[in-house]
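Trainee: I'm new to this structure and would love a close look at just one part of it. Could you pick a helix and walk me through how it fits in with the rest?

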Amino acid sequence: MMNERERDRIRERLLEERQSSLEAMAEFDDRYKERLELGDDELTNYPLHMADEGTDTIEQEKEFLLASQEGRQLLDIDEALRMLYKNPEEFGACERCGREIGLQRLELVPWARLCIDCQQVVEEGEPEAPET
Ligand SMILES: [Zn+2]
C-alpha cells in the first residue's frame, strides 16, 4: 500500500506528464479543431455503435484523441489522476491481478494500471518465462 507521500509524488509526476503531453499535442490540437469545423460529414463517419448511443462531443473527442499516441497517453494520465483523487486507497494496485504495481514502476509510468507481469501478458498475449 502506498503512503500519502508516495501518492503525492506520483500525483506530481502525473501532472508533469500531463503538461508535457498537452504541449506535445499543441500542434495536433490545431488540426483537431480544424477537423471539428469540417462538420457533419466527417463526424458521422465515426463507428456506428457510437452514433447509436447518441454520440456526444466528449465521446467524439475521446475517439479522436485515441487516434494519437499522445492523446491515448493523456487519457491514461487523466484516468490515473481521477483514480488518485477518487480512490486513493486503490491507486497503485494492478487492475488485472490486484497486486501492487510498485512505486518504482509508477515513477517511470505513473499512469500504469497493470503490474509489469500483467503488462507483458496483455501486450504479448502469453506470459513470458521468468528470467533467472
Ligand atoms: Zn498484475
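Mentor: Let's take helix H6 and begin with its length. H6 has 18 residues, and at 1.5 Å a residue these should span 26 Å; the C-alpha atoms at its ends are 26 Å apart, so expectation and model agree. Do keep in mind that this is a predicted model.

Now look along H6 for the residues that are buried: they are Gly71, Ile77, Ala80 and Leu84. A general point helps here: an α-helix has 3.6 residues a turn, so residues three or four places apart point the same way. With that in mind, look again at Ile77, Ala80 and Leu84, which are buried in H6.

Those three residues also belong to the largest nonpolar core, a group of 12 residues that includes Ile10, Leu14, Phe91 and Trp111 as well. Two elements, helix H1 (4–24) and helix H6 (69–86), each give two or more residues to this core. The largest share, three residues, comes from H6. In soluble globular proteins, nonpolar side chains tend to be buried together.

Zoom in on Leu84 next. Setting aside neighbours within four places in sequence, Leu84 is in contact with Arg7, Ile10, Arg11 and Phe91. Of these partners, Ile10 and Phe91 are members of the largest nonpolar core, too.

Finally, step back to the whole protein. It has eight helices and zero strands, giving the pattern α-α-α-α-α-α-α-α along the sequence. Of its 132 residues, 12% count as buried. Among contacts between residues at least 6 apart in sequence, 48% join residues at least 24 apart.

Definitions and conventions: Residues are numbered from 1 along each chain as its sequence is written. This is a predicted model: local features need pLDDT of at least 70, side-chain atom pairs count only at pLDDT 80 or more; totals for chains, interfaces and linings use all residues. A nonpolar core is a set of buried Ala, Val, Leu, Ile, Met, Phe, Trp, Tyr and Cys residues joined through C-beta atoms within 7 Å. A residue is buried if 20 or more other C-beta atoms lie within 10 Å of its own, exposed if 12 or fewer, and partly exposed in between; C-beta atoms are placed from the backbone. Helices (H or I, at least four residues) and strands (E, at least two) are DSSP runs, numbered from the N terminus. Two residues are in contact if their C-beta atoms, placed from the backbone, lie within 7 Å. The expected span of a helix is 1.5 Å times one less than its number of residues.
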